[in-house]
Amino acid sequence: IFKVKKKAAQSGHKLLKKKADALKVKFRDYAKAIAETKSNMSGDASNAFFSLTQAEYAAGNFKQKVAEGTLSARVRVGAGVDNVAGVKLPVFSKYETGAVADNQSLGLAGGGKKIAAVREKFTKLLDMLIKLASLQTSFVTLDEALKVTNRRVNALENVTIPKIEGTLKYILRELDELEREDFTRLKLVQGKKEEEQAREAARKAVEDKENDNDITANFDAGEEEDVVF
């Protein structure tokens with residue numbers, strides 16, 4: 001039973017080790033992607049807000065007109081799942097709702113190109129924000145899963161497997177001790193049998209010798225009748 005447990009623990013340790021290695025690779029990839037996305041997003045955010053300032057200068061303060069609209073969302077964020085070595089990571093993506101924008105008339109009096117440029121740059125910035133949110137959420141989830149996996153690997157490597165091996169060594173020592181005791185017991189039994197056989201043989205030899213002496217002592221040639229030929 002303990003040999004089967006040891007084999008199962010070693011197989012589980014091997015699989016968890018592979019899983020931990022795969023998670024570490026993905027963890028580093030996410031960290032690198034987050035750093036690159038933040039670096040790029042910094043420039044995109046500066047360009048977007050600078051473009052907004054230019055549009056307000058060219059078309060006036062159009063924020064009030066935008067706020068007075070229906071504000072129906074043309075873009076929404078959906079959540080999906082990505083499976084990495086058995087770990088489910090959340091993934092966010094953008095999709096179009098199909099709603100028609102009610103602020104198409106903005107910029108007719110002037111600054112239309114600037115407003116279009118603002119819309120384009122903030123759409124790009126939104127894509128970057130969604131990507132960053134997805135990466136960071138997956139990064140945190142992956143970090144937690146990696147910690148749990150490493151704890152399990154360490155528990156198997158430093159606690160479970162050594163405990164099973166210690167139990168197996170104890171059982172083997174006990175079996176060896178029992179085998180030595182049985183061997184000693186058999187030797188004692190065999191020795192006692194040999195001693196008993198030797199005593200029995202000696203006793204028989206003494207009895208045979210005594211019988212021979214009795215026959216010789218009881219024999220008297222004078223008592224025998226003469227034999228006539």
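In this predicted model, tyrosine 30 touches Asp82, Leu89, Leu135, Ser138, Phe139 and Leu142, leaving aside residues up to four places away in sequence. Tyr30 also belongs to the largest nonpolar core, a group of 16 residues in which Leu23, Tyr30, Met41, Val87, Leu89 and Leu142 touch the most other members. Helix H1 (2–59), strand E2 (87–96) and H3 each contribute at least two residues to this core, and H3 gives the most, with 7 residues. Apart from it there is a second, separate core of 7 residues, among them Ala9, Leu156, Ile161 and Leu168.

Two further residues, threonine 149 and alanine 85, can be read side by side. Threonine 149 lies in helix H3 (residues 112–218), whereas alanine 85 sits in the loop between strand E1 (75–84) and E2. Threonine 149 counts as buried because its relative accessible area, 3%, is under 20%, while alanine 85, at 36% relative accessibility, counts as partly exposed because this value falls between 20% and 50%.

The table lists their contacts, not counting residues up to four places away in sequence.

| Residue | Relative accessible area | Residues touched |
|---|---|---|
| Threonine 149 | 3% | Leu16, Lys19, Ala20 and Leu23 |
| Alanine 85 | 36% | Lys19, Ala22 and Leu23 |

Lys19 and Leu23 appear in both rows, and Leu23 is also one of the residues that touch the most other members of the largest nonpolar core. For alanine 85, the contact with Ala22 joins positions that are 63 residues apart in sequence, yet the two alanines are 6.8 Å apart in space, C-alpha to C-alpha.

Note on methods: Residues are numbered from 1 along each chain as its sequence is written. This is a predicted model: local features need pLDDT of at least 70, side-chain atom pairs count only at pLDDT 80 or more; totals for chains, interfaces and linings use all residues. Side-chain values use heavy atoms; hydrogens and water are left out. Helices (H or I, at least four residues) and strands (E, at least two) are DSSP runs, numbered from the N terminus. Buried means under 20% relative accessible area, exposed over 50%, partly exposed in between (1.4 Å probe, protein chains only). Contact means heavy atoms within 4.5 Å. A nonpolar core is a set of buried Ala, Val, Leu, Ile, Met, Phe, Trp, Tyr and Cys residues joined through side-chain atoms within 4.5 Å.
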